[in-house]
Amino acid sequence: MSEIMIGSLPLSQAAINLAVLGGAFSPADIPGLQLWLRADAGVWQDSVGGTPAVNDGDVVGAWEDQSGNGNHATQATTTNKPIYWTNVVNGKPVVRFDGVDDDLALSSSTIMNFERIDTWTFFFVVKLNTSTYAIYPCISKDTGLG
């Protein structure tokens, strides 16, 4: 069985380093991080980032990449925008997708293009819909070309 790595360190060593140094873990500490979307930062109602999403029920038209790489996710069609909710998971906000037609897209020119990267590691915080027990894809490659 392969050991999980954080950067060049095995997970066990990275955890020890964090404990010894007293530091908190941040995804920004991961070498090669390409995309980091946080519901408590960079969430906008419009697709150009002009009006922040701060209230329950606000639509999300843009979600800024916190990795520093500029891989922002956007949606211009109001009916396809996910919804922002405050104080949902341990006092933190969430961006909730309806599982039908809500989505955010990355531009085809971004480094996140599936054809340009051979190895992917994804981490998601999700909550299962207990009324339907449905699990919807978190990532898909949809070019919109057919």
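Which residues make the nonpolar surface patch of about 210 Å²? In this predicted model, the patch is built from Trp85, Val88 and Val89. Before turning to that spot, a quick look at the whole chain helps.

The protein chain has one helix and eight strands. Read from the N terminus, the order is β-β-α-β-β-β-β-β-β, so the helix follows two strands and is itself followed by six, as the run of elements lays out. Of the 146 residues in the protein chain, 20% are buried. The exposed area of the chain comes to about 10300 Å², and carbon and sulfur atoms supply 55% of that. As for how the chain folds back on itself, contacts were considered at a separation of 6 or more, and 43% of these link residues 24 or more positions apart.

Back to the patch. One of its members, Val88, sits in strand S7, which covers residues 83-89. Is Val88 buried, partly exposed or exposed? Its relative accessibility is 35%, so Val88 counts as partly exposed; the partly exposed class lies between the 20% limit for buried and the 50% limit for exposed. Val88 also clears the bar for patch membership, because that bar is set at over 30% relative accessible area.

Strand S7 pairs with two other strands, S4 and S8. With strand S4 (residues 58-59), the pairing is antiparallel and rests on two bridges. Here Asp58 has Tyr84 of S7 as its bridge partner.

With strand S8 (residues 92-96), S7 again pairs in the antiparallel sense, this time over four bridges. Two of the matched positions can be named: Ile83 stands opposite Arg96 in S8, and Trp85, a patch residue, has Val94 in S8 as its bridge partner. S7 and S8 together form a hairpin, with two residues between the strands. Asn90 lies in that turn and has a positive phi of about 50°.

In a regular strand, side chains alternate between the two faces of the sheet. Taken together, S7 is where several of these features meet: Val88 of the patch lies in this strand, S4 is joined to S7 by two bridges, and S8 completes a hairpin with S7.

Methods. Residues are numbered from 1 along each chain as its sequence is written. This is a predicted model: local features need pLDDT of at least 70, side-chain atom pairs count only at pLDDT 80 or more; totals for chains, interfaces and linings use all residues. Side-chain values use heavy atoms; hydrogens and water are left out. Buried means under 20% relative accessible area, exposed over 50%, partly exposed in between (1.4 Å probe, protein chains only). Contact means heavy atoms within 4.5 Å. Accessible areas come from the Shrake-Rupley method with a 1.4 Å probe; for residues, only the protein chains shown count as cover. Patches are made of residues with over 30% relative accessible area and no salt bridge: like charges are joined within 9 Å, nonpolar side chains (Val, Leu, Ile, Met, Phe, Trp, Tyr) within 5 Å. A salt bridge is a side-chain nitrogen of Lys or Arg within 4 Å of a carboxyl oxygen of Asp or Glu. Two strands pair if DSSP finds at least two bridges between them.
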